[in-house]
Protein chains: 2
Amino acid sequence: MQTIALQDYKIHVGDFRQPLRNILTERQYTKIVVLVDENTRTHCLPLVAEVLADFPHFIIEIPSGELNKNIQTCTQIWTEMMRNNADRSSLTINLGGGVIGDMGGFCASTFKRGMDFLQMPTTLLSQVDASIGGKLGIDFNHIKNSVGVFNNPQTVLVDPQFLTTLSQREIRSGFGEIIKHSLIADKSQWEKLLKINDLSKVVWTDYLVPSLKIKQAIVEEDPFEKGIRKALNFGHTIGHALESMALETDNPLLHGEAIAAGMICESYLSYKKTGLTREEFEEIKAFITRIYQPRKVSEKDYPELLRLMSKDKKNEGSTINFTLLTGIGACKINETATGKEIEESMSSLNSL
Amino acid sequence: MQTIALQDYKIHVGDFRQPLRNILTERQYTKIVVLVDENTRTHCLPLVAEVLADFPHFIIEIPSGELNKNIQTCTQIWTEMMRNNADRSSLTINLGGGVIGDMGGFCASTFKRGMDFLQMPTTLLSQVDASIGGKLGIDFNHIKNSVGVFNNPQTVLVDPQFLTTLSQREIRSGFGEIIKHSLIADKSQWEKLLKINDLSKVVWTDYLVPSLKIKQAIVEEDPFEKGIRKALNFGHTIGHALESMALETDNPLLHGEAIAAGMICESYLSYKKTGLTREEFEEIKAFITRIYQPRKVSEKDYPELLRLMSKDKKNEGSTINFTLLTGIGACKINETATGKEIEESMSSLNSL
């Protein structure tokens, strides 16, 4: 068990059972809401059931997937919380990936103006990213995370045993954020990543803890994303637009897949605008391409992608905001680019 | 102009124009969202328009009334914020009563995870109550304020000139909270109130400032309602249930009318349980009856009223929670009562 102590709460990396039992025993919650989807109900809940059996709890199951991370599902969650007499002194346990964590945290933070919640991320993506930093919320009118709050969990329990239930595609998706953390803040970690050939052989704890510590350092310096926290948006301006657009098709992208493609485009912008060298850009592009084989983007989709970017909540006023690399392991926030430059960067995906 | 300085923000009581202009000039918001209903659009917005003209703003009009304080109206507000490119560096001005302030503050606090908002309460009730204390939210499944957050406004502008647009019924409703503040914390203020015969002749600033200061002192001691802030719930356990039930009829109660009736019932419980004398109970009942002529409650509604009380978010577990008076100007939180005692207290409304 490794513990990362943040200002307001702790992340335990390792077997969740003892810390979970300790929290539930100590806090004496009136009720425990366990939020799952059909996947985590099958694959993860049985692992947790033994601890839960000793405490008053009920299960809320929501349908999995980003498409259900919306206000209708919140309405379902709030209604079931109400029907089961959850109150402000209850606890919500979010057992699942980023959708469960973001939406369950939002519902817990707003039900009767807020109860405690505990994040038990079960995907690599949510273990390395969504469970730290207090960003909660849902998609609204097809714009990602456009309704939500900042609020911290009571505790985060990161247990790599849940990762064994994931497909290789989901593992690859989560790996995108590990790449991002290295590119914006840790060149030596990047060099370690370059040696990875087979994601199925990786011991994830070795990468989770350093990655969480990079995110911790950034988030604690700037909890409300007024400044340096925007570093974490590298790859996300274009990546979110690709993700939003693919969400409307029969062939959606996982978050990390979209961000991986976004990181290639935004590395291109970094090479053009903020001092990343041509060689560094090529190295990033080659590595991400090897892991992800990103999809090409059709030119006819450029206007819609730019429109989606212009709605990004990280913008101020009408310009599109980027975090760009100044080299590997270093970045600059609040950069902008013209529509033409952005289109050119997306074209770099088409010459892989 | 009188200014009450809270820990995080200020309340200006008096002419709003100069402080509003100062804030808008200083903060340089990207956009200003002005939330109104059909009433405040007609009666209040024209007074504000002169200041707003110099700043980029747009109007969102929602239908008035507690029945519209729900997630559907939030969806309308968020959609219009999005369509007008509001962002995290925008400001929402809530120009209206408690519904506008609570719901507009909730939407501002959750749109893109939060922008600033400014409360411009236009009813006596919201001037004395809803604009202080950071409680934001909406009704959900007919349970009042059951979805929301705690968050403070940038500033509150309380201008008594807006009160001239109100009906006497609305003034009476707001007066209920002034009565409550006196009963829980200020005996000398209560004695001053007893001399009021005609609400239409009252100079409200004289009562607003002391009442706001009582609420400020309580809220600052306990911002998240873990303890003493529950004092402010006096009259509200039964009052909220009466209000919720009446909301479903053709003859809804205004909030302050429901709380006035609730204060009679809970004063009865205080006399039975926590040391309020028979004479004090009679004095409270006589004064409230003179001002409000509260409705009788039918015995056949008792089960539904008790059910509504059992859903109150102030409860912990299955007991119904009350704040009761130990005398005039003093109270005790976390008191409980049996269903039979609560029914008896409601019967006291029927012997007026």
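In this predicted model, Leu118(B) faces Thr155(B), a residue of β9(B). The two strands concerned, β6 (residues 116-121) and β9 (residues 155-158) of chain B, run parallel and are joined by two bridges. Strands of a sheet pair through backbone hydrogen bonds, and the pairing may be parallel or antiparallel. In chain B the sheet is open and has seven strands, which follow one another as β1-β2-β9-β6-β5-β3-β4, with mixed pairing. At its edges stand β1 (2-5) and β4 (57-62) of chain B; each has a single partner strand, so one side of each is left without a neighbour in the sheet. From one strand to the next, the twist averages 20 degrees.

Helices lie across this sheet. Helix α1 (residues 17-27) of chain B crosses β2 (10-13), β3 (32-37), β5 (91-96), β6 and β9 of chain B, and runs at about 155 degrees to β9(B). Helix α3 (residues 45-52) of chain B lies across β3, β4 and β5 of chain B, with an angle of about 170 degrees to β3(B).

It is worth pausing at the nonpolar interior. The largest nonpolar core has 204 residues, and Leu35(A) and Leu35(B) are those with the most contacts inside it. Which residues does Leu35(B) contact, leaving aside its neighbours within four places in sequence? The partners include the isoleucines Ile60(B), Ile62(B), Ile77(B), Ile93(B) and Ile100(B). Also in contact with Leu35(B) are Thr92(B), Asn94(B), Leu95(B) and Gly104(B).

Turning to chain A, seven strands again form an open sheet, here too in the order β1-β2-β9-β6-β5-β3-β4 and with mixed pairing. Its edge strands, β1 (2-5) and β4 (57-62) of chain A, each pair on one side only. With direction ignored, neighbouring strands of this sheet are turned by 20 degrees against each other on average. At one of these edges, β1(A) is joined by four bridges to strand β2 (residues 10-13) of chain A, and the two run antiparallel. Within that pair, Ala5(A) stands opposite Lys10(A) of β2(A). Helix α1 (residues 17-27) of chain A packs on the sheet, where it touches β2, β3 (32-37), β5 (91-96), β6 (116-121) and β9 (155-158) of chain A. The direction of α1(A) makes about 155 degrees with that of β9(A).

Further along chain A, five bridges connect the antiparallel strands β10 (residues 321-327) and β11 (residues 330-336). Phe322(A) has Glu335(A) in β11(A) as its bridge partner. Together β10(A) and β11(A) make a hairpin with two residues between them, and Gly329(A) in the turn has a positive phi of about 95 degrees.

How are the two chains arranged? Chain A superposes on chain B (RMSD 0.0 Å) after a rotation of 180 degrees with 0.0 Å of shift along its axis. The two copies are therefore related as by a two-fold rotation axis. The same surface serves both copies, since 97% of the contact residues of chain A recur in chain B. The contact draws 30 residues from chain A and 29 residues from chain B. On the side of chain A that touches chain B, α4 (71-83), α5 (98-110), β7 (135-140) and β8 (143-150) of chain A each supply at least two residues. The largest share of this side, six residues, comes from β8(A). By class, the side of chain A that touches chain B comprises nine nonpolar, 13 polar and eight charged residues.

Definitions and conventions: Residues are numbered from 1 along each chain as its sequence is written. Chains are lettered from A and ligands numbered from 1 in the order in which they are written. This is a predicted model: local features need pLDDT of at least 70, side-chain atom pairs count only at pLDDT 80 or more; totals for chains, interfaces and linings use all residues. Copies are superposed by least squares on the C-alpha atoms of residues with pLDDT of at least 70 in both. Two residues are in contact if their C-beta atoms, placed from the backbone, lie within 7 Å. Ala, Val, Leu, Ile, Met, Phe, Trp, Tyr, Cys and Pro count as nonpolar, Asp, Glu, Lys and Arg as charged, and the others, Gly among them, as polar. Two strands pair if DSSP finds at least two bridges between them. Axes are lines fitted to C-alpha atoms, for helices over the stretch in contact, and angles run from 0 to 180 degrees between N-to-C directions. A nonpolar core is a set of buried Ala, Val, Leu, Ile, Met, Phe, Trp, Tyr and Cys residues joined through C-beta atoms within 7 Å. A residue is buried if 20 or more other C-beta atoms lie within 10 Å of its own, exposed if 12 or fewer, and partly exposed in between; C-beta atoms are placed from the backbone.
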